[in-house]
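These are my notebook entries on what I looked up in one structure. I kept them short and in the order I worked.

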Amino acid sequence: MIVVLGGTGLIGGYVAEELSAVEATFRMVLRQPEKAAGIPLGGSVCRGDLDDPASLATAFDGGTRLFLLSPHGPDMAAQQLAAIDAAKQAGISHIVKISGSPQAVGPDCLASTGRQHYVVEQALKASGIGHTILRPSFFMQNLLGKPASFVREGKPVMLPFDAQQKFTFVDVRDIAKTAAKALVEPRGFNQTLQLVGSRLSFCEVAIVLSKFLGHPVGYRKIPQWLASMVLRLQREPVWLRRHQLEMAKVFAAQGHMPASRDLARFLGDTPISLNRFVADHLDAFVQPEA
């Protein structure tokens with residue numbers, strides 16, 4: 001049986017769908033299981049809290065594989081280390097971990113999350129448990145947040161990156177499909193896979209949006225201080241605001257990613273393109289009619 005953490009989140013939700021599609025048996029471990037609704041076929045739910053390691057013994061009991069994911073936060077590393085310890089006690093033989101972006105994981109990373117992911121990766125490798133570490137690049141789904149709101153308001157997309165700086169975009173659905181394959185087969189045993197997708201600048205993203213929307217969409221670089229002010233005005237939590245600004249600095253400093261075919265090789269298919277992503281989510285970029 002596969003134990004799934006983060007099953008109600010973006011990636012975890014898609015992982016549950018993928019596992020259901022292949023009729024795998026899985027258990028979603030949630031802090032508040034009463035909030036779970038529409039659990040896919042083949043799935044069950046039980047309570048487990050990463051901040052309460054004792055609760056994980058029951059939650060992981062009978063599991064053979066673990067999908068390891070928890071929200072970004074100051075306690076992320078401590079939570080995931082507790083999950084690895086509980087998995088070892090439960091006799092789980094394989095862990096698939098969602099880590100950070102390939103250029104954002106290391107002991108000296110500018111971002112706290114990158115340093116935390118590095119600590120967890122090292123502990124997982126030293127645990128003796130079989131593992132697959134997935135390092136996805138910039139999520140296409142990030143475009144559905146502030147960038148989409150700019151477009152709906154008829155404004156250019158405004159972010160703190162050079163217009164021609166290349167990013168590697170990956171669709172969360174491909175991340176989830178990769179994770180599910182690694183859990184079910186398993187594949188990628190004791191490997192770290194770089195999930196690098198479409199290589200584009202935000203100027204090119206704007207061109208793709210223009211094509212699908214039928215009107216020009218622009219892009220404008222804004223300074224870091226202005227991005228910080230916008231987040232503050234949105235009353236984002238302090239830790240989340242710091243995380244977003246740290247990651248912006250990481251991407252701005254190290255945005256040019258080396259090519260990798262890990263994603264296509266593992267999927268056995270062409271990764272989802274930005275064109276397909278925009279077509280699938282076009283409504284998010286269109287102002288609803290009054």
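**Entry 1: alanine 182**

I looked up alanine 182 and found it buried, with a relative accessible area of 0%. The model is a predicted one, and I read every value below with that in mind. Alanine 182 has its place in helix α6, which runs over residues 172-184. I then listed what alanine 182 touches, leaving out residues up to four places away in sequence: His94, Val96, Thr132, Arg187 and Phe266. For threonine 132 I noted two separations from alanine 182: 50 residues in sequence, and 7.1 Å in space from C-alpha to C-alpha.

**Entry 2: serine 137**

Next I went to serine 137, in the loop between β6 (130-136) and β7. Is serine 137 buried or exposed? I found a relative accessible area of 4%, so serine 137 is buried. Again not counting residues up to four places away in sequence, I noted its contacts, among them Ser101, Pro102, Thr168 and Phe169. Val170, Leu195, Val196 and Gly197 are also touched by serine 137.

**Entry 3: aromatic rings**

I looked up the aromatic pairs and got 9 for the structure. I took phenylalanine 138 and phenylalanine 202 as my example: the ring centres are 5.8 Å apart and the planes stand at 80°, so I wrote the pair down as edge-to-face. Phenylalanine 138 belongs to strand β7 (residues 138-139) and phenylalanine 202 to helix α7 (residues 202-213), so this pair ties together parts that are 64 residues apart in sequence. Both phenylalanine 138 and phenylalanine 202 are buried.

Phenylalanine 202 also pairs with phenylalanine 161; the centres are 5.8 Å apart and the planes are at 10°, so that pair is stacked. Phenylalanine 161 sits in the loop between β8 (157-159) and β9 (166-170), while phenylalanine 202 is in helix α7, so the pair ties together parts 41 residues apart in sequence. I checked accessibility for these two rings as well. Phenylalanine 161 has 5% relative accessibility and therefore counts as buried. Phenylalanine 202 has a relative accessible area of 2%, so I entered it as buried.

Which residues make up the aromatic cluster? I listed Phe138, Phe161, Phe167, Phe169, Phe202 and Tyr219 as forming one cluster.

I added one charge over a ring: lysine 146 lies over the face of phenylalanine 150, at 5.2 Å from the ring centre.

**Entry 4: salt bridges**

Side chains of opposite charge can pair when their charged atoms come close. I looked for such pairs and the count came to 11 salt bridges. In one of these, arginine 31 bridges to aspartate 49, with the closest N and O atoms 3.2 Å apart. Arginine 31 lies in the loop between β2 (26-30) and β3 (43-47), and aspartate 49 in the loop between β3 and α2 (53-60), so the bridge ties together parts that are 18 residues apart in sequence. Arginine 31 has a relative accessible area of 45%, so I called it partly exposed. Aspartate 49, at 10% relative accessible area, is buried.

Aspartate 49 forms a salt bridge with arginine 47 too, where the closest N and O atoms are 3.9 Å apart. Arginine 47 is partly exposed, with a relative accessible area of 41%.

I also looked up glutamate 153, which bridges to lysine 155 with closest N and O atoms 3.2 Å apart. Glutamate 153 is partly exposed at a relative accessible area of 47%. Lysine 155 counts as partly exposed as well, at 41% relative accessibility. Finally, I noted that shared partners join Arg31, Arg47, Asp49 and Asp51 into one network of salt bridges.

**Entry 5: helix α4**

I checked the length of helix α4 (residues 112-126). Its 15 residues at 1.5 Å a residue should span 21 Å, and the end C-alpha atoms are 22 Å apart, which agrees. I listed buried residues of α4, including Ser112, Thr113, Gly114, Gln116 and His117. Val120, Glu121 and Leu124 are buried in α4 too. After α4 comes glycine 128, with a positive phi near 85°.

**Entry 6: confidence**

Last, I looked up the pLDDT. The chain has a mean of 88, and 92% of its residues reach 70 or more. Among the elements, strand β4 (residues 65-68) has the highest mean, 98, and helix α8 (residues 224-233) the lowest, 67. Where pLDDT is low, the predicted coordinates should not be read in detail.

How values were computed
Residues are numbered from 1 along each chain as its sequence is written. Side-chain values use heavy atoms; hydrogens and water are left out. Rings of Phe, Tyr and Trp (its six-membered ring) pair if their centres lie within 6.5 Å; planes under 30 degrees apart count as stacked, over 60 as edge-to-face and the rest as tilted. Helices (H or I, at least four residues) and strands (E, at least two) are DSSP runs, numbered from the N terminus. Buried means under 20% relative accessible area, exposed over 50%, partly exposed in between (1.4 Å probe, protein chains only). A charge sits over a ring if NZ of Lys or CZ of Arg is within 6 Å of the ring centre and within 35 degrees of the ring normal. pLDDT is the predictor's confidence in each residue, from 0 to 100. The expected span of a helix is 1.5 Å times one less than its number of residues. Contact means heavy atoms within 4.5 Å. A salt bridge is a side-chain nitrogen of Lys or Arg within 4 Å of a carboxyl oxygen of Asp or Glu.
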